[in-house]
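User: I would like a close look at a single part of this model, namely any sheet it has and whatever packs around it. Please give one connected answer.
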Amino acid sequence: MPATTTLTLSSKNYSSWSLRGWLMCRLAGLEFDEVMLGADDPTAKAEMLLLAPSMLVPCLRHHGVTVWDTLAIAEYLHEIKPKAGLLPTERAARAHCRAICGEMHSGFTSLRSALPMNLKGRFPNYKVWSRAMTDIERVLQIWRDCLATYGGPYLFGARPGMADAMYAPVVTRLRTYGVTVADPACAAYCAAILALPEMAEWTRAALAEPEAIDELEVEF
Ligand SMILES: N[C@@H](CCC(=O)N[C@@H](CS)C(=O)NCC(=O)O)C(=O)O
């Protein structure tokens, strides 16, 4: 009997969007089977085209409904699992959540291109160039505002949700490239995200992945 719910992903070590989609599904308490696509496997591309017109991962298939793009996946999960609290219950907080998730979804291109996600990697002396640093400062500002407004330990309060899933790859990037987080509230936030059992599970699987993708391995 084919699985009724699958989530298609690519590399756990490198694919930040895969992590976002997977973490949302886990935080929503959704039961699903993972379908892993090899990053460089040509048949994977063909398979992807059949699955999601965007050809991008993550892609969720739930009881015959196909949802791609992390923002759409989060909203869909919020509809089918409202009690999981992926989005805040209070309307203004929910608008704030969508705004910062949108910023991560469409922005921070300097940070994302200069510091590619690489859970195995550790580059303590990595030179972060100014535009990427500007992005990092904006992300830290977003976290500070949320933690001050909603009390932590997660961005919108007591439970991790959509916004934490969207920003989790940034937390791993700061660790990979040895970026110092001086602000105690932001440092505590990073520790809280890395301590999530789901993040530990994902990281274990990423570290077990054989392949390295050269173009995602930074040189310095
Ligand atoms: N806007 C999309 C971005 C998804 C995306 O760019 N996924 C990358 C993986 S990190 C992908 O599928 N790339 C296609 C490829 O590498 O061929 C989302 O929010 O899900």
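Analyst: Contact here means heavy atoms within 4.5 Å. Axes are lines fitted to C-alpha atoms, for helices over the stretch in contact, with angles from 0 to 180 degrees between N-to-C directions. Helices (H or I, at least four residues) and strands (E, at least two) are DSSP runs numbered from the N terminus. The model is predicted, so local features need pLDDT of at least 70 and side-chain atom pairs count only at pLDDT 80 or more, while totals for chains, interfaces and linings use all residues. Residues are numbered from 1 along each chain as its sequence is written, and side-chain values use heavy atoms, with hydrogens and water left out.

The protein has nine helices and four strands. From the N terminus on, the order of its elements is β-α-β-α-β-β-α-α-α-α-α-α-α. The four strands make an open sheet with mixed pairing, in the order β2-β1-β3-β4; strands count as paired if DSSP finds at least two bridges between them. The edges are taken by β2 (33-36) and β4 (65-68), each of which has a single partner strand, so one side of each is left without a neighbour in the sheet. On average, neighbouring strands of this sheet are turned by 20° against each other, direction ignored.

Going through the pairs, β1 (residues 5-9) runs parallel to β2 and is joined to β2 by four bridges. Within this pair, L9 of the one strand faces M36 in β2. β1 is also joined to β3 by four bridges, here with the strands antiparallel, and T5 has H62 in β3 as its bridge partner. β3 and β4 are likewise antiparallel, over four bridges, with C59 opposite W68 in β4. These two strands form a hairpin with two residues between them, where H63 takes a positive phi near 50°.

C59 has 0% relative accessibility and therefore counts as buried (under 20% relative accessible area, with exposed over 50% and partly exposed in between, using a 1.4 Å probe and protein chains only). Over the protein, buried residues make up 51% of the 220 residues. The structure holds zero disulfides, a disulfide being a pair of cysteine sulfur atoms within 2.5 Å.

Next come the helices around the sheet. Helix α1 (residues 16-27) lies across β1, β2 and β3 (59-62), and runs at about 155° to β1.

Helix α3 (residues 70-80) has T70, I73, A74, Y76, L77 and H78 as its buried residues. Their cover includes α1, β3 and β4 as well as α4 (91-106) and α7 (162-176). The axes of α3 and α4 come within 10 Å and cross at roughly 155°. That makes α3 roughly antiparallel to α4 (over 145 degrees; under 35 is roughly parallel, 65 to 115 roughly perpendicular, and the rest oblique). At this crossing, T70, L71, E75 and H78 of α3 meet R94, R98, C101 and H105 of α4. T70 and H78 thus appear in both lists, among the buried residues of α3 and among those that meet α4.

As for long-range contacts, of those in the protein between residues at least 6 apart in sequence, 72% join residues at least 24 apart.
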